[in-house]
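Here is a friendly walk through one protein model for someone meeting it for the first time. Have a look at the structure, then read on.

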Amino acid sequence: MKALFCSLNNIGFVNPLIGLAHQLTDMSVKSYFLTDPFMHSYLRTQQLEYIKEKKPAFLIRRFHEPELVSNQVNAIERAILTLQPDVLVVSPNILGAPIAAERHNIPLVTMGFLSYLWETEQTSECTSPQMLEVYRWRTKEMFTLYNNVRKHLGLVALKKDNANLPFVGSLHLQRSVKGFSERLNTLPSQVVQSGSCLWEADINTKDNDDLLQWLSEPAQANKTVIFVNHGRTFGMPSFWNEVKACFSNSDFVVLANVGRMDEDVGEIPKNFFVRPY
């Protein structure tokens with residue numbers, strides 16, 4: 001069996017796919033990667049095979065542009081014709097993947113996030129009206145982008161069906177567990193709870209000397225460590241102040257990555273180690 005993995009040029013997108021590829025390798029599945037050349041040296045460190053493409057096709061900052069997605073479709077279709085994979089596994093926002101999968105009648109598996117991002121046919125009583133509006137808006141915008149790509153390629157536009165969104169695929173791996181999913185009973189049947197899907201390359205401890213030194217100091221020694229990765233919130237409320245209020249001067253040690261956080265870091269508690277990774 002063969003699996004073709006496609007990812008945009010982002011470590012956060014490609015790492016879960018690498019972890020999945022390693023698991024499939026243990027099951028005698030041959031894995032190939034198709035992504036931006038920026039990621040090739042990283043894939044080599046994991047002994048994973050990749051396909052070289054000359055034209056840009058997997059740039060996250062241009063994921064919605066019809067010209068780029070056209071390159072993406074062509075690259076994926078060339079790989080499908082060459083490798084004859086049994087399944088296509090992709091990171092979020094690969095708009096060319098549903099088109100290539102449709103044309104070649106190949107199952108499409110999409111790697112999701114902790115939360116299911118899209119509007120559903122049914123609504124959960126736990127979901128606020130504000131979040132319902134966010135789901136509706138986000139789904140409408142993404143579907144418009146997808147149909148713009150189809151128009152650019154001379155394909156017929158699709159009608160939105162929340163139970164069968166093309167960019168959700170034949171199988172959607174939501175990176176969560178049942179206890180964390182408030183919308184579990186409203187999700188389409190192709191959405192499955194797949195756990196965290198976390199995978200990270202071996203760290204270089206030489207690059208973390210200051211962290212290791214800080215952790216070894218008496219004030220931090222033998223305390224439970226909590227890791228916080230605060231990304232962008234795009235105008236939505238931040239939880240950074242709540243983290244500080246909850247764990248400041250507590251019996252916990254907090255390691256925080258705020259490299260992409262939109263908010264000001266502000267005063268850092270003594271038991272916090274904060275860096276913009």
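## Salt bridges, starting with D210

D210 has a relative accessible area of 38%, so it counts as partly exposed. Keep in mind that this is a predicted model. The side chain of D210 meets that of R275 in a salt bridge, with 3.5 Å from N to O. This pair ties together distant parts of the chain: D210 sits in helix α6 (residues 209-216) and R275 in strand β10 (residues 272-275), 65 residues apart. R275 has a relative accessible area of 29%, so this residue is partly exposed too.

That bridge is one of ten salt bridges in the structure. Here are some of them, including the one just described:

| Pair | N to O distance |
|---|---|
| R62 and E65 | 2.8 Å |
| R136 and E133 | 3.6 Å |
| R275 and D210 | 3.5 Å |

Take R62 and E65 next. Is R62 buried, exposed or partly exposed? At 25% relative accessibility, R62 counts as partly exposed. E65 is partly exposed as well, with a relative accessible area of 25%.

Now for R136 and E133. They are three residues apart in helix α5, so about one helical turn separates them. R136 is partly exposed at 37% relative accessible area, and E133 is partly exposed at 45%. These two also belong to something wider: E119, E133, R136 and K160 are linked in a network of salt bridges.

## How the helices pack

Helix α5 turns up again here. How are two packed helices described? By the angle between their axes and the distance between the axes. Helix α3 (residues 66-83) packs with helix α5 (residues 129-152) at an angle of about 70 degrees, and their axes are 9 Å apart. Angles of 65 to 115 degrees count as roughly perpendicular, so α3 is roughly perpendicular to α5. On the α3 side, the contact is made by P66, E67, V69 and S70, and on the α5 side by N148, V149 and H152.

Both of those helices also have a neighbour in α4 (residues 96-104). Which residues of α4 are buried? They are G96, A97, P98, I99, A100 and A101. What do the buried residues of α4 pack against? The answer is α3, α5 and two strands, β4 (87-90) and β5 (108-111). Just after α4 comes N105, and its phi is positive, at about 55 degrees.

## Two loops to look at

Let's finish with a pair of loop residues, T233 and F180.

T233 is found in the loop between β8 (224-229) and α7 (240-247). Is T233 buried or exposed? With a relative accessible area of 12%, T233 is buried, because buried means under 20%. Leaving aside residues up to four places away in sequence, T233 touches S238, D262 and E263.

F180 lies in the loop between β6 (171-174) and β7 (191-193). Its relative accessibility is 65%, and exposed means over 50%, so F180 counts as exposed. F180 also helps make a nonpolar surface patch of about 330 Å², together with L114 and V177.

Definitions and conventions:
Residues numbered from 1 in each chain as written. Predicted model: local features only at pLDDT ≥ 70, side-chain atom pairs only at ≥ 80, totals over all residues. Heavy atoms only, no water. Patch = residues over 30% accessible without salt bridge, like charges linked within 9 Å, V, L, I, M, F, W, Y side chains within 5 Å. Areas by Shrake-Rupley, 256 points an atom, 1.4 Å probe, with all protein chains shown as cover. Salt bridge = Lys/Arg side-chain N within 4 Å of Asp/Glu carboxyl O. Helix = DSSP H or I, 4+ residues; strand = E, 2+ residues; numbered from the N terminus. Buried < 20%, exposed > 50% of the residue type's maximum accessible area, 1.4 Å probe, protein only. Axes fitted to C-alpha atoms, helices over the stretch in contact; angles between N-to-C directions. Parallel < 35°, antiparallel > 145°, perpendicular 65-115°, else oblique. Contact = heavy atoms within 4.5 Å.
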